Number of protein chains: 2
Amino acid sequence: MLHIAYTKKTTFLYMPFTLILNNIAKHIHLSKEEQVVFTDLLKPQAIKRKQFWLSDGDICKHSAFVTTGCLRGFTVDKNGIEHVLSFAPPDWWMADMYSLISQKPGILNVEALEDTQVLLLSKTNQEKLYQQIPKFEHFFRVLVENSLVASQQRLIDGLSLTAEDRYNNFCKRYPTLIYTLPQKQIASYIGVTPEFFSRMRSRK
Amino acid sequence: MLHIAYTKKTTFLYMPFTLILNNIAKHIHLSKEEQVVFTDLLKPQAIKRKQFWLSDGDICKHSAFVTTGCLRGFTVDKNGIEHVLSFAPPDWWMADMYSLISQKPGILNVEALEDTQVLLLSKTNQEKLYQQIPKFEHFFRVLVENSLVASQQRLIDGLSLTAEDRYNNFCKRYPTLIYTLPQKQIASYIGVTPEFFSRMRSRK
DNA sequence: CTAAAAACTTGACCTACATCAACTTTGCCC
DNA sequence: GGGCAAAGTTGATGTAGGTCAAGTTTTTAG
């Protein structure tokens, strides 16, 4: 009995962790012991649809890895208009990087678009991980490098493409999200109003 | 004789390296031996005003750390219009991250705005560094994290601020660059035409 | 199953910024 | 130091995309 309970909680085959372990295995190799050390630092959390995981002004204490559902990160400007910075479907990470790094109040809101399950890695545990398994320093460097490339590409797209081209890019890059996301969220992500987005789609 | 030559090349006080060693010291501590290992992996290069360090389509093989002068990184869109992604005054790093990571042809052009001195760290040497002094993995992770935060903030600004507010932000963030940079480069960075930028400044 | 809320559409009008063109000023190089 | 290219200015006009408002459709939660 006891043994089964232990197994369930820590073996690397225990369902909630297979996604994140595969995600990591793309970049670094972990022994089974290291996998256990790692997964023991994670805390599962459920976030109901429309519930906020993080609000403007909060200090971000965790990174969240999405296993099911979908999160969106957005800011609100001085006119009350929302601007979507990122979506996090399963297999993606989400955090307010500015706040997580500086431990100062952030500007990001993170809301669940549907009932969502995440694995939380606290900043403290992340630092422990860097100490105990230095390979994770490499892993997160690569992760952040890829985010930077994507962010810069989006900057370039914003400066050099029309809304229509940006939409086409979005469709290519996130083919699955097009069907699950409300149009107004995609509109916000590519930087146009829902009205203009609607007109844009009806041309073609 | 021989001893003097050796000293000049490797001691950490040798002028060209003090800037980069201080830059690094902000995040990690290096012993004198480690400093020598590191600086021996760097290759100084001079880039004349208007000369290109990197062109659209090149594979980016190095990171460049600017010690004097200034670089600008930009892309060219299908209408031939240039869009400035970043400036690198002294104490800043420059690279085409996408190309550097993937070793595929990049999209960035990097040109010297004035006669510029850089220290080059090749991708190969950077990987050696990660092997030999794992602290560097930490250093570059932090560096990239900060770039990501800046890039995301610029994305948000582009979506939520007027050109005028973006200009004001630019002035606050890069007070020194305003006086050295041609207006059209700043215009391009904040995402407007030189004509509109000129009008914007004459109001006020 | 139903009522209410949220998402989407469509029309009329508006504005921040772009484009093109002609001119003036600046600054670099021989 | 003078000629010339690049940078900056200014005016007239064009347009991608925004705003506001009213209506229709879809989704959601009980």
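Before you click anything, one cut-off: a residue counts as buried under 20% relative accessible area, as exposed over 50%, and as partly exposed in between. Keep in mind too that this is a predicted model.

**Stop 1: Ile81 in chain B**

Select Ile81(B) and put the cut-off to work. Ile81(B) has a relative accessible area of 46%, so it is partly exposed. You'll find it in the loop that runs between β4 (71–76) and β5 (82–88) of chain B. Now show what is around it: apart from residues up to four places away in sequence, Ile81(B) touches Thr75(B) and Val76(B). If you'd like a distance to draw, pick the C-alpha atoms of Ile81(B) and Leu177(B): 22 Å separates them, and the two residues are 96 positions apart along the chain.

**Stop 2: Glu111 in chain B**

Next, jump to strand β7 (residues 109–112) of chain B, where Glu111(B) sits. Is Glu111(B) buried or exposed? With a relative accessible area of 12%, Glu111(B) falls under the 20% cut-off and is therefore buried. Turn on side chains and look for Arg72(B): its side chain and that of Glu111(B) make a polar contact of 2.9 Å. Then widen the selection. Setting aside neighbours within four places in sequence, the contacts of Glu111(B) include Lys50(B), Gln51(B) and Phe52(B), as well as Cys70(B), Leu71(B) and Phe74(B).

**Stop 3: Asp157 in chain B**

Now highlight helix α6 (residues 135–160) of chain B and find Asp157(B) in it. Asp157(B) has a relative accessible area of 8%, so this acidic side chain goes down as buried too. Which residue shares a side-chain polar contact with Asp157(B)? Arg173(B) does, at 3.2 Å. Beyond four places in sequence, Asp157(B) is in contact with Arg166(B) and Asn169(B) as well as Arg173(B).

**Stop 4: zoom out to chain A**

Switch to a cartoon view of chain A. There are ten helices and eight strands to colour. The C-alpha trace spans about 60 × 35 × 30 Å along its principal axes. Of the 204 residues in chain A, 46% count as buried. Take the contacts in chain A with a separation of 6 or more: 68% of them are between residues 24 or more positions apart. Switch on the surface and you're looking at about 10800 Å² exposed by chain A, with 57% of it supplied by carbon and sulfur atoms.

**Stop 5: both chains together**

Bring chain B back. A turn of 180° with a shift of 0.0 Å along the axis lays chain B on chain A, with an RMSD of 0.0 Å. That is how a two-fold axis relates two copies. Both copies use the same surface: 100% of the contact residues of chain B recur in chain A.

**Stop 6: DNA strand C**

Show DNA strand C and select the protein around it. There are 17 residues here, and those that come nearest are Gln183(A), Lys184(A), Ser198(A), Arg199(A) and Thr193(B). Which elements each supply at least two residues of this surface? They are α9 (183–190) and α10 of chain A, plus α7 (163–173) and α10 of chain B. Sorted by class, the surface has four nonpolar, five polar and eight charged residues.

Three pairs are worth labelling:

- Ser198(A): a polar side-chain atom lies 2.7 Å from a phosphate oxygen of DNA strand C.
- Ala163(B): a polar backbone atom is 3.2 Å from a phosphate oxygen of DNA strand C.
- Arg199(B): a side-chain N or O atom is 3.2 Å from a base oxygen of DNA strand C.

As for the strand itself, 68% of its atoms within 4 Å of the protein belong to sugar or phosphate, and bases make up the rest.

**Stop 7: DNA strand D**

Last selection: DNA strand D. Around it are 16 residues, with Ala163(A), Gln183(B), Lys184(B), Ser198(B) and Arg199(B) coming nearest. Sugar and phosphate make up 65% of the atoms of DNA strand D that come within 4 Å of the protein.

Again, some phosphate-oxygen pairs to label:

- Thr193(A): a polar side-chain atom, 3.3 Å away.
- Gln183(B): a backbone N or O atom, 2.6 Å away.
- Lys184(B): a polar backbone atom, 2.9 Å away.

To finish, colour the elements that give two or more residues to this surface: α7 (163–173) and α10 (194–202) of chain A, with α9 (183–190) and α10 (194–202) of chain B. The class tally near DNA strand D is four nonpolar, five polar and seven charged residues.

Conventions:
Residues numbered from 1 in each chain as written. Chains lettered and ligands numbered in written order. Predicted model: local features only at pLDDT ≥ 70, side-chain atom pairs only at ≥ 80, totals over all residues. Heavy atoms only, no water. Near = heavy atom within 4 Å. Polar contact = N/O pair within 3.5 Å; in protein donor to acceptor, adjacent residues only side chain to side chain. Helix = DSSP H or I, 4+ residues; strand = E, 2+ residues; numbered from the N terminus. Nonpolar A, V, L, I, M, F, W, Y, C, P; charged D, E, K, R; others polar. Buried < 20%, exposed > 50% of the residue type's maximum accessible area, 1.4 Å probe, protein only. Contact = heavy atoms within 4.5 Å. Least-squares fit on C-alpha atoms with pLDDT ≥ 70 in both. Areas by Shrake-Rupley, 256 points an atom, 1.4 Å probe, with all protein chains shown as cover.
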